[in-house]
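Colleague: Could you pick one part of this model and take me through it closely? I'm a first-year, so please begin with any word I'd need to know.

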Amino acid sequence: MILDLPPFRPRFPWWGGDLQTLANFIRPPRKDLAPHTSERLTVDLRDGTGDRLACTLDQPSVRAQGKPLTILVHGLTGSQESSYMISMARCLLDAGERVLRLNLRGAGPSRATCGGQYYAGRSQDLRALLANLPAELKAEGLRVVGYSLGAAMLLKYLGEEGEAAPLLAAAAVCAPIDLSATCRRMLERRNYLYHRHLLGMMKVEATAPGARLQGRERSAILGSRTIWEYDEVFIAPRHGFAGAEDYYERCKPVRFIADIRVPTLVLGALDDPWIPGALYSGYDWAANKALLPLLPLWGGHVGFHGSGSRLPWSAQAVAKFFEAKPTCPKQASLRT
């Protein structure tokens, strides 16, 4: 399968992986999606916890008939308001398609409706969301786009479900396909500021009003000095893992992606400062014909701010992939 897509070229002044990554925070897109409209939707996970995922359903001003609903899943400490979620939503809305922006369990507006907390391996939440969405939203089919941690969750889910996954297509953008290797990269000195910011946001998110925590869990979260330690003392024991490394090993997407059968675009930049590019360039993508890897040399972490358009190149790539209506894509590793 070949996408009708120009090669990625960074846009001034976003040279290099770090500036591509930081552009999402320095110059985010406007969050007003007008003339399109939005409404709040909550989906009961029906898992005995009482947790309900808060979502925003975006409706195009002029709807194209026969188009599937696309669900967007954010990354670590993100939400429905993350810049990449807004950009992708606008791209699809302008094409007349409906979009559901999901807040994972305990993230953004879902903090008020969920006592629990998401993590990269919690694919059962995605499974429950798809099962419990109103039938009307699923009538014309479903697609899912995941970003970073949300992309890791999506790939794990797709591999677990195989041919049974109720999706027409999927896209994973900047997924940490090896969780342990990604954590080690984040702990490197060059990523000190990223790490400090993310860990601080994780603590705020996990202990915000609405979180269902025991006193020792709250103390463990607030006392964590690294993301690895946060996973070791909170995420792992709470969710039945022996420790952080057991969690990383059992949930890393590379354990599952060989079993994916839904046509899936896997997009990652080889200069991503958070995820080692070797994880992508060293994987045998040709072994699974359902996967289409798109691996530009540049783009940063969920950046892809390219020349010729204010719309992120990643959003254009996902839209082109979905337009192609793939059923069983031929292998084509595209590097630009």
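Modeller: Sure, one word first: a residue is called buried if its relative accessible area is under 20%. Keep in mind that this is a predicted model. Let's begin with the cysteines and then move to the sheet, which is the part I'd look at closely.

C251, at a relative accessible area of 4%, is buried. Its sulfur has no partner, because the closest cysteine sulfur, in C183, is 14 Å away and a disulfide needs two sulfurs within 2.5 Å. Applying that cut-off, we end up with 0 disulfides. C55 isn't in one either: its nearest cysteine sulfur belongs to C114, 9.4 Å off. C55 is buried too, with a relative accessible area of 0%.

Now for the sheet. It is an open one of 8 strands with mixed pairing, and reading across it you get β1-β2-β4-β3-β5-β6-β7-β8. At the edges sit β1 (37-44) and β8 (291-294), each pairing on one side only. Ignoring direction, neighbouring strands are turned by 20° against each other on average. Zoom in on β7 (residues 264-267): it runs parallel to β8, and 4 bridges join the two. Within that pair, L267 stands opposite L294 of β8.

Two helices to follow on this sheet are α2 and α5. Helix α2 (residues 83-94) packs on it, touching β2 (52-59), β3 (69-73), β4 (99-102) and β5 (142-147), and its direction makes about 170° with that of β4. Helix α5 (residues 149-161) packs on the sheet as well, in contact with β3, β5, β6 (169-173) and β7, and here the angle with the direction of β5 is about 135°.

Between α2 and β4 there's a loop, and E97 is in it. Is E97 buried or exposed? It counts as buried, because its relative accessibility is 6%. Leaving out residues up to four places away in sequence, E97 touches P60, K67, P68, T70, L92 and R143.

Helix α2 turns up again in the largest pocket, as one of the elements that give two or more residues to its lining, along with α1 (16-26) and α7 (192-207). That pocket has a volume of about 700 Å³. Its lining has 33 residues, and F25, L76, T77, G78 and S82 lie nearest the centre. The largest share, 7 residues, comes from α7.

Last, some backbone oddities. Most peptide bonds are trans, and most residues other than glycine have a negative phi. Follow the chain past the end of β6 and you'll find C174, in the loop between β6 and α6 (179-186). C174 has a positive phi of about 55°, though it isn't a glycine, and it is buried at a relative accessible area of 1%. In the loop between β8 and α12 (313-323) is V302, another non-glycine with a positive phi, near 50°. V302 is buried as well, with 4% relative accessibility.

As for cis peptide bonds, one joins A34 and P35, with omega about 15°. P35 belongs to the loop between α1 and β1, so if you trace the chain towards β1, look there. Another cis bond joins F12 and P13, with omega about 5°, and P13 is in the segment before α1.

Note on methods:
Residues numbered from 1 in each chain as written. Predicted model: local features only at pLDDT ≥ 70, side-chain atom pairs only at ≥ 80, totals over all residues. Heavy atoms only, no water. Buried < 20%, exposed > 50% of the residue type's maximum accessible area, 1.4 Å probe, protein only. Pairing = 2+ DSSP bridges. Axes fitted to C-alpha atoms, helices over the stretch in contact; angles between N-to-C directions. Contact = heavy atoms within 4.5 Å. 1 Å grid on protein atoms, 1.4 Å probe; cavity = no way out; pocket = protein on both sides within 12 Å on 5 of 7 lines; lining within 4 Å. Points joined across faces, edges and corners; volume = space filled by probe spheres on them.
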